[in-house]
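Reader: I have a structure on screen and I want to learn to read it. Where do I begin?

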Amino acid sequence: MAKHQQSTSEQQSVRVLKVGERVRHILSELLARGEAHDDVLRAHNIAVTEVRMTPDLRNAKAYVKPLLGKDEAEVLKALRTNTAFFQKEVAQRLGLKFAPKLTFQPDESFDEADRIEQLLSDPKVARDLGDEE
């Protein structure tokens with residue numbers, strides 16, 4: 001019986017991931033086509049890097065990054081202002097019983113990767129990571 005429950009929870013988590021990826025594609029398409037009637041959003045290329053769904057599929061957190069990280073605060077404000085438009089479009093295109101409530105967050109993974117790269121480039125660290133023959 002435990003095996004059946006595990007299988008069901010795995011299926012549920014796969015479904016959550018698939019729906020999150022579909023939401024990411026929908027948001028990316030809307031932004032790329034400039035379908036939101038907002039000058040700020042149309043003036044920027046915005047990457048939707050990830051969408052994390054809650055297990056009940058009622059909430060979605062979209063991680064976004066404007067190209068080159070330019071005007072991030074302004075872009076986030078415009079996205080948050082137009083959340084109702086994005087929620088409506090996602091709901092129509094997904095065909096789910098409930099439309100997920102969207103929130104937009106800055107994707108800081110690029111900044112974290114840069115920070116790690118700088119740490120690894122430090123001469124003291126590079127010396128310790130050098131090939132030991």
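**Strands first, then a helix**

Author: Begin with one pair: A47 stands opposite K65 in β2. Keep in mind that this is a predicted model.

Reader: Which strand is joined to β2 by seven bridges, and do the two run parallel or antiparallel?

Author: Strand β1, residues 46–53, and the two run antiparallel. Together β1 and β2 form a hairpin, with five residues between them. Look in the turn for L57, which has a positive phi of about 65°.

Reader: What lies along β2 besides β1?

Author: Strand β3, residues 101–106, is joined to β2 by six bridges. These two run parallel. Here N59 stands opposite K101 in β3.

Reader: How many residues of β2 are buried?

Author: First the general idea. In a regular strand, side chains alternate between the two faces of the sheet. Now the case here. Six of the eight residues of β2 (residues 59–66) are buried, so the strand is largely enclosed by the rest of the structure.

Reader: Now a helix. How do I read α4?

Author: Check its length. α4 covers residues 83–94, twelve in number. From first C-alpha to last it reaches 16 Å, close to the 16 Å expected at 1.5 Å a residue.

Reader: Which residues of α4 are buried?

Author: T83, F86, E89, V90 and L94. Seen down the axis, they fall within an arc of 130°, so they line one face of the helix. On the other side, A84 and Q92 are exposed.

Reader: What follows α4?

Author: G95, with a positive phi near 70°.

Methods: Residues numbered from 1 in each chain as written. Predicted model: local features only at pLDDT ≥ 70, side-chain atom pairs only at ≥ 80, totals over all residues. Heavy atoms only, no water. Helix = DSSP H or I, 4+ residues; strand = E, 2+ residues; numbered from the N terminus. Expected span 1.5 Å × (residues − 1). Buried < 20%, exposed > 50% of the residue type's maximum accessible area, 1.4 Å probe, protein only. Arc of directions from axis to C-beta. Pairing = 2+ DSSP bridges.
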